[in-house]
Amino acid sequence: MHRTCSAVKAAVSASRLQLAPGPWACLLDGLCARFPGVSRLQWQDRFDRGRVLAADGTVLQPSQPWQAGREILYYREVVDEPVIPFSETVLYQDAHLLVADKPHFLPVTPAGRHVRETLLARLQARTGNPALAPLHRIDRETAGLVLFSCDPGSRAAYQRLFAERRIDKHYEALAPALAALRFPHARSSRLVRGEPFFRMAEGEGEANALSRIEALEQIGAVWRYRLEPVSGRKHQLRVHMAALGAPIIGDDYYPQLRNRAPGDYSQPLQLLARRLAFVDPLSGQPRLFHSQRQLQL
């Protein structure tokens, strides 16, 4: 199959996938089911060009068995990838750490139609450092602070900050007034996978998600809130605010799914990763970073 450089844009680095349990006999069948937006011919072509690998870098064959729990690497490719017309800002950088201030609508890592138009790819190109890797992620729709590791040798020390919850993360949001609620408020619930698969929902059982909520500005029908995700579940703040009856302004997922046309950058989600604070595991010095972005109706 003929390709031109202008037509196909490849990922800067490989994506990782842990194979989920399923009935598929081979890798090709499973990947086609897992990624219905990629045709079988496209997956076959990627295998033919050695773009699907084992975790150790060994080239895989499409006929190899699908083994649940196995980790594979694959290079995502997107034809005519759309450009996201918003820029990130680098707030801080040293030999070990980079702090970026992400705009709305820009994914942190490759996802969907976005491969090169991601925060990771942009920063790798800007810094010339292919080893750059995010230490955590925020939603594509969310703006604000994202920490990156610059050096694989010190990466684990920073990753432990998140694993051991030794980093304070504060968000800011604009949402409808909650006049009947007393603040500060703690929302605790069990989050489970919802429908469709990319949404989350509150379910029965022991709580696995805790959010602390404060009202910073109580004027008019829309208030400004400070949100602290004590746990780190997917879409946690968005689900909890919607469950309280105050869905975050501009949310396309909660409480109801709303389809946004490609290229529609109006009404961004009014959620901002405002503040990150921690003790640097290498120097022992306190670190504090604030986003320079502002939420607006």
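Which element gives the most to the lining of the largest cavity? I began my notes with this question, and I keep in mind throughout that the model is predicted.

**Entry 1, the cavity.** I looked for enclosed space and found one cavity of 30 Å³ or more, and the largest cavity has a volume of about 40 Å³. Its lining consists of H136, L145, K169, H170, Y171, A273, R274, R275 and L276, and the elements that give two or more residues to it are β10 and β15 (271-279). The answer to my opening question is β15, which contributes four residues. Sorting the lining of the largest cavity by class, I noted four nonpolar, two polar and three charged residues.

**Entry 2, the second largest pocket.** I then turned to open space, where the second largest pocket holds about 190 Å³. Its lining is made up of F86, P103, H104, F105, A143, P268, Q270, L272, R293, Q294, L295 and Q296, and by class I recorded seven nonpolar, four polar and one charged residues there.

**Entry 3, R122.** Is R122 in helix α3 buried or exposed? I found that R122, which lies in helix α3 (residues 119-127), is buried because its relative accessible area is 16%, and the cut-off for buried is under 20%. The side chain of R122 reaches the backbone oxygen of I84 at 2.8 Å. Leaving aside residues up to four places away in sequence, I listed I84, F86, S87, E88, L106, R116 and E117 as what R122 touches. F86 in that list is also one of the residues lining the second largest pocket.

**Entry 4, strand β14 and its partners.** In a regular strand the side chains alternate between the two faces of the sheet. I checked strand β14 (residues 222-229) for this and saw that W223, Y225, L227 and P229 point to one face and are buried, while V222, R224, R226 and E228 point to the other and are not. Strand β10 (residues 167-176) runs antiparallel to β14 and is joined to it by six bridges, with E172 standing opposite R226. Strand β13 (residues 209-217) also pairs with β14 in the antiparallel sense, over six bridges, and here E217 stands opposite R224. I noted further that β13 and β14 form a hairpin with four residues between them, and that G220 in the turn has a positive phi of about 75 degrees.

**Entry 5, helix α1.** Last, I looked up which residues of helix α1 (residues 27-34) are buried, and found L27, L28, G30, L31 and C32. What covers these buried residues includes β2 (15-18), α2 (40-48), β3 (52-54) and β4 (71-74).

Key: Residues numbered from 1 in each chain as written. Predicted model: local features only at pLDDT ≥ 70, side-chain atom pairs only at ≥ 80, totals over all residues. Heavy atoms only, no water. 1 Å grid on protein atoms, 1.4 Å probe; cavity = no way out; pocket = protein on both sides within 12 Å on 5 of 7 lines; lining within 4 Å. Points joined across faces, edges and corners; volume = space filled by probe spheres on them. Nonpolar A, V, L, I, M, F, W, Y, C, P; charged D, E, K, R; others polar. Buried < 20%, exposed > 50% of the residue type's maximum accessible area, 1.4 Å probe, protein only. Polar contact = N/O pair within 3.5 Å; in protein donor to acceptor, adjacent residues only side chain to side chain. Contact = heavy atoms within 4.5 Å. Pairing = 2+ DSSP bridges.
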